[in-house]
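I opened this notebook page to record what I looked up in one predicted model. The entries follow the order in which I consulted it.

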Amino acid sequence: MTNRLQVGMSFDRSFPPAFVTEAARALEAGGAQQLWVIEDCFFTAGPSLAAAALSVTEQLTVGVGILPAVARTAAVTAMEIATLCGLGPGRVLPGIGHGVQSWMAQMGVRPVSPLTALDEVMVAVTRLLAGEEVTSHGHYVDLDAVRLEHPPADPPPLLAGVFGPKSLALAGRVAGGLVLAEPASPSYVRWSLEQAGRRPGDPGFHVAVFGILCVKNDRAEAYRTMAPWLGRQLDEPRTTLTTLPFFDDLAARYAQKGLDGLATMPAQWWTELAPVGTLDDAAAHLKALEDAGVQSLGMFTVPDVEVARTQLADVVELARR
C-alpha cells in the first residue's frame with residue numbers, strides 16, 4: 001500500500017447488488033483506485049459484493065467497511081477475508097467493527113462487552129490471516145488448533161471501524177489501521193489518531209475514511225443541497241463533528257438560523273467537513289485529508305443508481321488529480 005491518498009467510491013448499502021460490477025468496472029476504467037462496499041444489517045453482504053467487484057477488475061482495491069465482529073465467528077471472518085485476498089491479491093482492505101448493537105441484538109449475538117469481543121476477534125483474525133495455528137478460549141472467540149488452508153501470501157492490514165476513545169485506543173494496539181465514518185474531516189482524523197496513540201504516516205497503520213460527495217459548478221448550490229444532511233448530523237452530533245475546531249460556532253449557527261445558516265456558513269468549514277462544493281473545493285478537502293495521514297477515501301454518492309452513475313465521473317476526476 002502507498003502512503004499517497006487512494007480515492008474511490010463507497011457503494012451505498014441501498015444499491016442493488018448487481019450495480020457493484022458496473023461501478024467497479026467504471027471506476028477502474030476511469031482511473032479511480034478504490035471501491036468500498038458497505039455491510040449494514042440487513043442490506044447486502046460485504047464479502048459477496050467485494051468478491052464480485054474483484055472478479056471483474058484487475059487493479060482496483062476493494063475495501064470492506066465493515067464486518068461486525070460477532071456476526072460471524074472469527075474463523076469464518078478470516079476465511080472470508082483470505083478468500084477475497086485469493087481473488088484479488090494485494091487489492092483487499094478488510095474492516096471489522098463492533099456493528100450497531102441494536103442490530104446485533106436482533107440477531108441474538110449482542111456481546112456483553114463489545115470492546116472485549118472486538119479485541120478477541122481482531123487478534124484471532126490477524127493471527128489466522130498470518131497463517132498461524134490458533135488456539136484461543138476467550139469470552140467470545142473459542143478456537144481449537146485452527147489454521148487456514150489458504151492464508152494470503154501477503155496479509156492485508158486489518159482495519160478497525162470504530163469511533164469511541166476506548167475503541168480507538170484498542171485499535172491502536174491490535175489493528176492494522178482505522179476505518180473512520182463520514183463526515184471524516186482532517187480534524188477528526190487527527191483526533192482519532194491521537195486517541196489510537198498513533199501519528200500520521202505511522203508505518204503499518206492504514207487510515208481509511210468515508211466522505212459524502214456533492215460537486216456542483218456553483219458551490220452555493222452544493223452547500224444548499226448538503227445543508228439538510230449536515231442538519232441531521234447536528235441533531236445528534238457525534239465525535240465526527242464535535243472534534244471540529246469550529247463545532248461550537250457551527251452548532252450555534254444551526255440553532256439560530258437553521259438550514260439557511262448551514263447553507264451560508266464559511267466555505268472553509270464545508271471544505272473541512274467533506275468533498276462538497278466545486279471540484280477544486282473537493283480536491284482541497286482530499287489534499288487536507290492526505291496531509292492528515294489518510295491513505296484511503298471512499299466517497300458516498302446520492303443513494304440513487306441513476307444519480308450515482310453521473311457522480312462516478314466526479315469520483316474519477318478527483319482520483320486522477
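Entry 1, the largest pocket. I looked up its volume first and found about 1,400 Å³ of space. The lining comprises 46 residues, and those closest to the centre of the pocket are Asp40, Ala181, Glu182, Arg238 and Phe300.

Entry 2, composition of the lining. I sorted the lining residues by character and noted 25 nonpolar, 11 polar and 10 charged. I then asked which element gives the largest share of the lining. Helix H8 does, with five residues. H8 spans 219–235, and at least two lining residues each also come from strand E3 (61–68), helix H4 (101–106), strand E9 (206–212), strand E10 (214–215) and helix H13 (305–320).

Entry 3, nonpolar cores. I recalled that nonpolar side chains tend to be buried together in soluble globular proteins. The largest nonpolar core here has 76 residues, and Met9, Phe11, Leu35, Ile96, Val125, Val189 and Val209 have the most contacts inside it. A second core, separate from that one, holds 31 residues, including Ile66, Cys214, Phe247 and Leu262.

Entry 4, methionine 9. I asked which residues Met9 contacts once its neighbours within four places in sequence are set aside. Among them are Phe15, Phe19, Ala23, Leu27, Leu35 and Trp36, and, further along the chain, Gly298, Met299, Thr301, Leu312 and Val315.

Entry 5, a hairpin. I traced strand E5 (residues 134–137) against strand E6 (residues 142–146) and found antiparallel pairing over three bridges. Serine 136 has leucine 143 of E6 as its bridge partner. Four residues lie between the two strands of this hairpin.

Technical notes
Residues are numbered from 1 along each chain as its sequence is written. This is a predicted model: local features need pLDDT of at least 70, side-chain atom pairs count only at pLDDT 80 or more; totals for chains, interfaces and linings use all residues. Side-chain values use heavy atoms; hydrogens and water are left out. On a 1 Å grid over the protein atoms alone, a cavity is a set of points where a 1.4 Å probe fits but cannot get out, and a pocket is an open set with protein on both sides within 12 Å along at least five of seven lines; lining residues have an atom within 4 Å of a point. Grid points are joined across faces, edges and corners, and a volume is the space filled by probe spheres set on the points. Ala, Val, Leu, Ile, Met, Phe, Trp, Tyr, Cys and Pro count as nonpolar, Asp, Glu, Lys and Arg as charged, and the others, Gly among them, as polar. A nonpolar core is a set of buried Ala, Val, Leu, Ile, Met, Phe, Trp, Tyr and Cys residues joined through side-chain atoms within 4.5 Å. Buried means under 20% relative accessible area, exposed over 50%, partly exposed in between (1.4 Å probe, protein chains only). Contact means heavy atoms within 4.5 Å. Two strands pair if DSSP finds at least two bridges between them.
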